[in-house]
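Thank you for making the time this morning. I would like to walk through one model with you, staying with the packing of its helices and then turning to a few backbone details.

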Amino acid sequence: MDERLPEPLLERAVDLAADLAPRAAEFDRDERLPREVVKQMAEAGFLGATVPAEWGGLGLTPLQYGELTEVVGKACASTRALLTVHTSLVAETLAARSSRRIKEKYLPDLARGRRIACFALSEPGSGSDAGSETGEMSTTYTEKGDTFVLDGHKTWISFAGMADVLLVIATDGGVGSAFLVDRDMPGVEVRPISGMLGNRAAHMAEVVLSGVEVPAENLVSGIGAGFAFVANRALFHGRYSIAWAGVAIAQAALEEMCAYAARRDQFGARIGSFQLVQKMIADAVTDVSAARELCRRAGRLRGKRSPEAIAATNIAKYFSSTVASRVASDTVQVLGGNGCWSGYPAERLFREAKILEIIEGTSQVQQTLIADFGLTEFSKKDWVGKR
């Protein structure tokens, strides 16, 4: 499996990142990612990064996509979020789970960025438990002739503010199904959300669906496949993207921490020479390296379509998101007062890192999944020596 981005694509990503990095604070402050950035991502082919070439995408391997996510995410978390939502959660899921008719109707446009997609799962009363038996998902669908009628309220939907198409999860008496809803269908209302902790430029919004009639051909993977085959698949892709996003933010914070410690004088010496500051740097270097290797392991397993890829992705997402928070927090600590001010990137990285511990499954959800995996895998007395 190809592990590195082809050189021309890497150069394209590095050039884009060089343009984005100085503007990330502006996007964060304005709470909007400009359309021109979306166009840049589309023209570079990155919005179809993991979509097979036959549908207009780049067909990157999981490891290549991870490298792309780190390069873009290190420069701008909100631009990286577009990759996570549009490419991983929606386009990659449609490539794997939808009918040929849906692929022909949507995938070429999504892969080339002619249309932008978002993933609508969370609701005001339903988040991590959306697919559970005790979940309280309230968005419903009703079959009506050759259409399905959707009613409900979704929230915390990244890029809903600019998306042309929404992948919506709804239920009919506990039977979850997934639908592609065009933004311009009658009954779709988008309400922008402001004041987020992080991902501020990700066009966060609520979506209200009032009697939206969706053609039957827009049902994804059949009735009843909404949670097990579509939402879970989307979250599997999304968690992998978020795992690399953690590496990206942690690496950016590490570089900020070291650059500052190498030039800042206190008590007549560089603060980088103080042992307690060196401890934070040493821990950050170690943690970032470990997080990146966990992501690479998950990527290799995903490339092989190994059943172990699910647990490896959960582990990578949990570890790298907590590492991002820890390294970003220590970076603020090293920068002192300057770390608390928006004139330096540290405070923004600190906010962006916290978001990663919540989205695509909280750290606590990941801990539960990882513990279940551990109890199943390592309680076997004959496990030793099998790896």
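**A buried serine and the helices around it**

Let me begin with a single residue in what is a predicted model: S88 is buried, with a relative accessible area of 0%. This serine sits in helix 5, and, if we leave aside its neighbours within four places in sequence, S88 is in contact with Y65, L83, T93, H237, G238 and S241.

Three of those partners, H237, G238 and S241, bring us to helix 7, since S88 and these residues are listed in the contact between the two helices. On the helix 5 side, that contact is made by R80, T84, S88, L89, E92, T93, A96 and R97, and they meet F229, V230, R233, A234, L235, H237, G238, S241, I242 and A245 in helix 7. By class, the contact of helix 5 with helix 7 comprises eight nonpolar, six polar and four charged residues. As for the geometry, helix 5 and helix 7 pack at an angle of about 145°, with their axes 9 Å apart, and the crossing is right-handed.

Helix 5, which spans residues 77–97, also takes part in another piece of packing, together with helix 1 (7–20) and helix 2 (24–30): the buried residues of helix 3 pack against these three helices. Which residues of helix 3 are buried? In helix 3, residues 35–43, they are V37, V38, M41 and A42. They cover an arc of only 140° around the axis, and they therefore lie on the same side of helix 3. As a reminder of the general background, an α-helix has 3.6 residues a turn, so residues three or four places apart point the same way. On the other side of helix 3, K39 and E43 are exposed. Helix 3 is then followed by G45, whose phi is positive, near 85°.

Let me now move along the chain to two further helix pairs. Helix 7 (residues 226–263) and helix 8 (residues 275–303) pack at an angle of about 155°, their axes being 10 Å apart, and these two helices are therefore roughly antiparallel to each other. Their crossing is left-handed, and the contact of helix 7 with helix 8 has 19 nonpolar, three polar and three charged residues.

Helix 8 in turn packs with helix 9 (residues 309–335), where the axes come within 9 Å and cross at roughly 160°, so that this pair, too, is roughly antiparallel. The crossing of helix 8 and helix 9 is left-handed, and the residues of their contact divide into 18 nonpolar, three polar and five charged.

Within helix 9 I would point out S325, which counts as buried at 15% relative accessibility. Leaving aside its neighbours within four places in sequence, S325 is in contact with A353, K354 and E357.

Finally, two loop residues deserve a look at their backbone. Is R305, in the loop between helix 8 and helix 9, buried or exposed? R305 is exposed, with a relative accessible area of 72%, and its phi is near 55°, a positive value in a residue other than glycine. F159, which is found in the loop between strand 3 (147–157) and strand 4 (165–172), also has a positive phi, near 65°, and is likewise a residue other than glycine. F159, however, is buried, with a relative accessible area of 0%.

Methods
Residues numbered from 1 in each chain as written. Predicted model: local features only at pLDDT ≥ 70, side-chain atom pairs only at ≥ 80, totals over all residues. Heavy atoms only, no water. Buried < 20%, exposed > 50% of the residue type's maximum accessible area, 1.4 Å probe, protein only. Helix = DSSP H or I, 4+ residues; strand = E, 2+ residues; numbered from the N terminus. Arc of directions from axis to C-beta. Contact = heavy atoms within 4.5 Å. Axes fitted to C-alpha atoms, helices over the stretch in contact; angles between N-to-C directions. Parallel < 35°, antiparallel > 145°, perpendicular 65-115°, else oblique. Left-handed = near helix turned anticlockwise from the far one by under 90°. Nonpolar A, V, L, I, M, F, W, Y, C, P; charged D, E, K, R; others polar.
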